[in-house]
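User: I should like to learn how to read helix packing and buried residues in a protein model. Could you guide me through an example?

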Amino acid sequence: MTLLDDALIKILGVKPAFVRPPFGEFNEDARDVAAYNGESIVIWDFDSGDSQGNSAQEMETDYQNLAAQKPPTILTLNHETYESTAKRVLPYALSALQAQGYSFVTVAECLGANPYQSVTTPGTRDATWTC
């Protein structure tokens, strides 16, 4: 189990079934670690560009273009830590995609899988809860 898994179990009581590698970068070693931890690697197929500094207008245009292309499935990467993404772009994207007939599901729902390997009662904070 990784330190992150340990923290998620302690704090939330869950061990995720999926992992998104940082920056979407992974190799055979990362695949092996994910498999060892019972996790499937999930990668997006559309990047909103918020982490590269794209403006809200650029992201909205990209979402409009994506919706117009009507791919059969879309898995987007957005960062809720950017206020413009959370408050402007995502509401716009959801509306634009829904107008094209898309429905919204979790990765687990899309894959017909359980989102967690295990679910338990969260722990009680103690001296082991460190960063």
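Analyst: The following turns take up a pair of helices and then two single residues. The model is predicted, so local features need pLDDT of at least 70 and side-chain atom pairs count only at pLDDT 80 or more, while totals for chains, interfaces and linings use all residues. Residues are numbered from 1 along each chain as its sequence is written, and side-chain values use heavy atoms, with hydrogens and water left out.

User: At what angle do the axes of α3 and α4 cross?

Analyst: Axes are lines fitted to C-alpha atoms, for helices over the stretch in contact, and angles run from 0 to 180 degrees between N-to-C directions. Here α3 (residues 56-69) and α4 (residues 83-99) cross at roughly 20°, their axes coming within 9 Å. Angles under 35 degrees count as roughly parallel, and α3 and α4 are therefore roughly parallel to each other.

User: Which residues of α3 and α4 meet?

Analyst: Contact means heavy atoms within 4.5 Å. Among those meeting are Met59 and Tyr63 in α3, and Val89 and Tyr92 in α4. By class, this contact has nine nonpolar, four polar and two charged residues.

User: Is Lys15 buried or exposed?

Analyst: Buried means under 20% relative accessible area, with a 1.4 Å probe and protein chains only. Lys15, in strand β1 (residues 14-16), has 12% relative accessibility and so counts as buried. A polar atom of the Lys15 side chain lies 2.9 Å from the backbone oxygen of Asn37.

User: What does His79 touch?

Analyst: His79 lies in the loop between β5 (76-77) and α4. Not counting residues up to four places away in sequence, His79 touches Asp50, Ser51 and Thr85. At 18% relative accessibility, His79 also counts as buried.

Key: Helices (H or I, at least four residues) and strands (E, at least two) are DSSP runs, numbered from the N terminus. Angles under 35 degrees count as roughly parallel, over 145 as roughly antiparallel, 65 to 115 as roughly perpendicular and the rest as oblique. Ala, Val, Leu, Ile, Met, Phe, Trp, Tyr, Cys and Pro count as nonpolar, Asp, Glu, Lys and Arg as charged, and the others, Gly among them, as polar. Buried means under 20% relative accessible area, exposed over 50%, partly exposed in between (1.4 Å probe, protein chains only). A polar contact is a pair of N or O atoms within 3.5 Å; within protein, one must be able to donate a hydrogen and the other to accept it, and residues adjacent in sequence count only if both atoms are side-chain atoms.
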